[in-house]
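Trainee: Could you walk me through this structure step by step, please? I would like to learn how to reason from what I see.
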Amino acid sequence: MTELANVSLERAGDTVIAGVVGEIDFSVADDVARRIIESIENEDAALILDLTRLSYTDSAGINLVFDLAARLREHRQMFKIVLPVDSQPWRTFSIVGVDGEIPIFETIEQAKTGGETEAER
């Protein structure tokens, strides 16, 4: 993909798990979004966005997340994010209130099973 961000995609039943490694900024956000959107089928129930290996994001990453949320909401598909609370992206997301709009979990297993979100802790 690019030198800043790599996207991995896998399926767990009717759930797409998209992992982003590296950094998301304006130069890669559109490519990242396109790869993720192209992986989601109408029959899918959910998208889990794994950002555990994301080292940096700016407003482009925040816009990407809100755009994905809106798109998935239109199709009645769930959207969950996995993100460590001690990371730079977590601080950025919490400042703008992403955790109030989209469930954020500490692990993929919690996201899959619907465990406690970071906002509920």
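Mentor: Happily! Let us begin with one residue: Val 96 has a relative accessible area of 43%. Keep in mind that this is a predicted model.

Trainee: Is Val 96 buried, partly exposed or exposed?

Mentor: Buried means under 20% relative accessible area and exposed means over 50%. Val 96, which sits in helix H3 (residues 88–96), has a value of 43%. That value falls in between, so Val 96 counts as partly exposed.

Trainee: How far apart in space are the C-alpha atoms of Val 96 and Ile 62?

Mentor: Along the chain, Val 96 and Ile 62 are 34 residues apart. Ile 62 is one of the buried residues of H2. Between the C-alpha atoms of Val 96 and Ile 62, the separation is 8.4 Å.

Trainee: Now to that helix, H2. What span does H2 reach from its first C-alpha to its last?

Mentor: H2 covers residues 59–74 and has 16 residues. At 1.5 Å a residue, the expected value is 22 Å. The model comes close to that, because H2 reaches 23 Å.

Trainee: Which backbone nitrogen does a side-chain oxygen of Asp 58 reach at the start of H2?

Mentor: Look at the start of H2, where Asp 58 brings a side-chain oxygen to within 2.9 Å of a backbone nitrogen. The residue that owns this nitrogen is found in helix H2. It is Ala 60.

Trainee: Is Ala 60 buried or exposed?

Mentor: Leaving aside residues up to four places away in sequence, Ala 60 touches Ile 24, Asp 25, Phe 26 and Ala 29. Its relative accessibility is 13%. The cut-off for buried is under 20%, so Ala 60 is buried.

Trainee: Which element gives the largest share of the lining of the largest pocket?

Mentor: The largest pocket holds about 160 Å³ of space, and its lining includes Ala 29, Asp 30, Ala 60 and Asn 63. The elements that give two or more residues to this lining are helix H1 (29–39) and H2. With 6 residues, the largest share comes from H2.

Trainee: How many residues of that lining are nonpolar?

Mentor: Among the lining residues are Ile 37, Leu 64 and Leu 68, along with Asp 67 and Arg 71. The lining has 1 polar residue and 3 charged ones. The number of nonpolar residues is 6.

Trainee: What follows H2, and what is the phi of Arg 76?

Mentor: After H2 comes Arg 76, in the loop between helix H2 and strand E5 (78–82). Arg 76 is not a glycine, yet its phi is positive. The value is about 55°.

Trainee: Arg 76 and His 75 share a loop, then. Which state does each have, exposed or partly exposed?

Mentor: His 75 also lies in the loop between H2 and E5, and its relative accessibility is 43%. Arg 76 has a relative accessible area of 79%. The cut-off for exposed is over 50%, so Arg 76 is exposed. His 75 counts as partly exposed.

Trainee: Last one: is Val 82 buried or exposed?

Mentor: Val 82 is found in strand E5. Not counting residues up to four places away in sequence, Val 82 touches residues including Ile 48, Leu 49, Phe 105 and Ile 108. With a relative accessible area of 0%, under the 20% cut-off, Val 82 is buried.

Trainee: And how far apart in space are Val 82 and Pro 103, C-alpha to C-alpha?

Mentor: In sequence, Val 82 and Pro 103 are 21 residues apart. In space, from C-alpha to C-alpha, the distance is 8.6 Å.

Technical notes
Residues numbered from 1 in each chain as written. Predicted model: local features only at pLDDT ≥ 70, side-chain atom pairs only at ≥ 80, totals over all residues. Heavy atoms only, no water. Helix = DSSP H or I, 4+ residues; strand = E, 2+ residues; numbered from the N terminus. Buried < 20%, exposed > 50% of the residue type's maximum accessible area, 1.4 Å probe, protein only. 1 Å grid on protein atoms, 1.4 Å probe; cavity = no way out; pocket = protein on both sides within 12 Å on 5 of 7 lines; lining within 4 Å. Points joined across faces, edges and corners; volume = space filled by probe spheres on them. Nonpolar A, V, L, I, M, F, W, Y, C, P; charged D, E, K, R; others polar. Polar contact = N/O pair within 3.5 Å; in protein donor to acceptor, adjacent residues only side chain to side chain. Contact = heavy atoms within 4.5 Å.
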